[in-house]
Amino acid sequence: MLEPGAVAALSPRVRRIVAPNPGVMTGAGTNTYLLGREAVAVLDPGPAIDSHIEAILEAAAGRIRWIVCTHTHRDHSPAWQALAEASGAEVWGALPEDNIAQDESFRPDIALQHDLALETHEFTLRALHTPGHVANHYCFLLEEERLLFAGDHIMNGSTVVIIPPSGDMQAYIHSLQRLLDYPIDCIAPGHGDTMDDAGAIVAGLVRHRLMREEKVVSGLLSTGRCTVRELVTVVYDDVHSGLHKIASLSLTAHLIKLHRERRAVLYKEDDTWELRGE
């Protein structure tokens, strides 16, 4: 059970604290992970909620040396500042490329790059650039445990919303496929409980996105030239209508991918879409 504020030991190296920010987009709340015992890395510090910050500081017991962020949405990174001020820790992360729901306060000491590793005598944490949800998203592989900290790249119990312009469906699918090249057994998501059989989960997500893309194509065939608002009711007819506004973001990302691949046309004068004719 994911209980906000409680410290759950996932392994001798890893502990999890769930932030008290439950919701439609966050599930039980944002997962903050503490890696190491003697020198602690806080991965995804979460929202700047006093009780959550206090729970992290208490669990870390003065040993925080690094703060690592998968990305800078406001439910994942804002607590970095209070933790850094309290601990003097080095901050690792990547700046956002847009300002949609981003933590504009974020200022990393170390700018992430693909394959950059944080190495301590207790663990090795490798950064894997996984754009898609947003452009500055990184997953982190805890090599000793073959455990992937997935941030918002993979969630337990729901699919990830892709939010243009920084969010990119083509990049998201490629990023998922890239993960299949790494030795990953288990996934620790930014929201929800841990997931075993990582390879099967990732391959299933790729299939799901490609099947949704085919539904976009068939939807355009059946409706003809239409707006995203009209198309979402066809493509996401298996999703509650109350979530169609959110689903429209991922639908737009699918359409942008098809446009790039010269399979769909956007008419900017009225924001309508149509399949490209042969």
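How many positive and how many negative side chains does the chain have, and how far apart do the centres of the two sets lie? Keep that in mind as you start the tour. This is a predicted model.

**Whole chain.** Show everything as a cartoon. You should find six helices and 15 strands. The radius of gyration is 19 Å, close to the 19 Å that the globule rule gives for 278 residues, so the chain is as compact as a globular protein of that length. Align the view to the principal axes: the C-alpha atoms fill a box of roughly 60 × 35 × 35 Å.

**Charges.** Now select the charged side chains. There are 24 positive and 38 negative ones. The centres of the two sets lie 4 Å apart.

**Surface and interior.** Switch on the surface. About 12,400 Å² is exposed, and carbon and sulfur atoms supply 51% of that area. Then look inside: 53% of the 278 residues are buried. Turn to contacts between residues at least 6 apart in sequence. Of these, 57% join residues at least 24 apart.

**The sheet.** Next, select strands S8 to S13. These six strands form an open sheet, ordered S8-S9-S10-S11-S12-S13, with mixed pairing. Go to the edges. Strand S8 covers 117–119 and strand S13 covers 195–196. Each of these edge strands pairs on one side only.

**One pairing up close.** Zoom in on S12, residues 186–189, and its neighbour S13. The two run antiparallel, and two bridges join them. Which residue in S13 is the bridge partner of isoleucine 187? Select methionine 195: that is the partner.

Methods: Residues are numbered from 1 along each chain as its sequence is written. This is a predicted model: local features need pLDDT of at least 70, side-chain atom pairs count only at pLDDT 80 or more; totals for chains, interfaces and linings use all residues. Side-chain values use heavy atoms; hydrogens and water are left out. Helices (H or I, at least four residues) and strands (E, at least two) are DSSP runs, numbered from the N terminus. The radius of gyration is taken over C-alpha atoms; the globule rule is 2.2 Å times the number of residues to the power 0.38. Buried means under 20% relative accessible area, exposed over 50%, partly exposed in between (1.4 Å probe, protein chains only). Contact means heavy atoms within 4.5 Å. Accessible areas come from the Shrake-Rupley method with a 1.4 Å probe; for residues, only the protein chains shown count as cover. Lys and Arg count as positive and Asp and Glu as negative; His and the chain ends are not counted. The place of a charge is taken as NZ of Lys, CZ of Arg, CG of Asp or CD of Glu. Two strands pair if DSSP finds at least two bridges between them.
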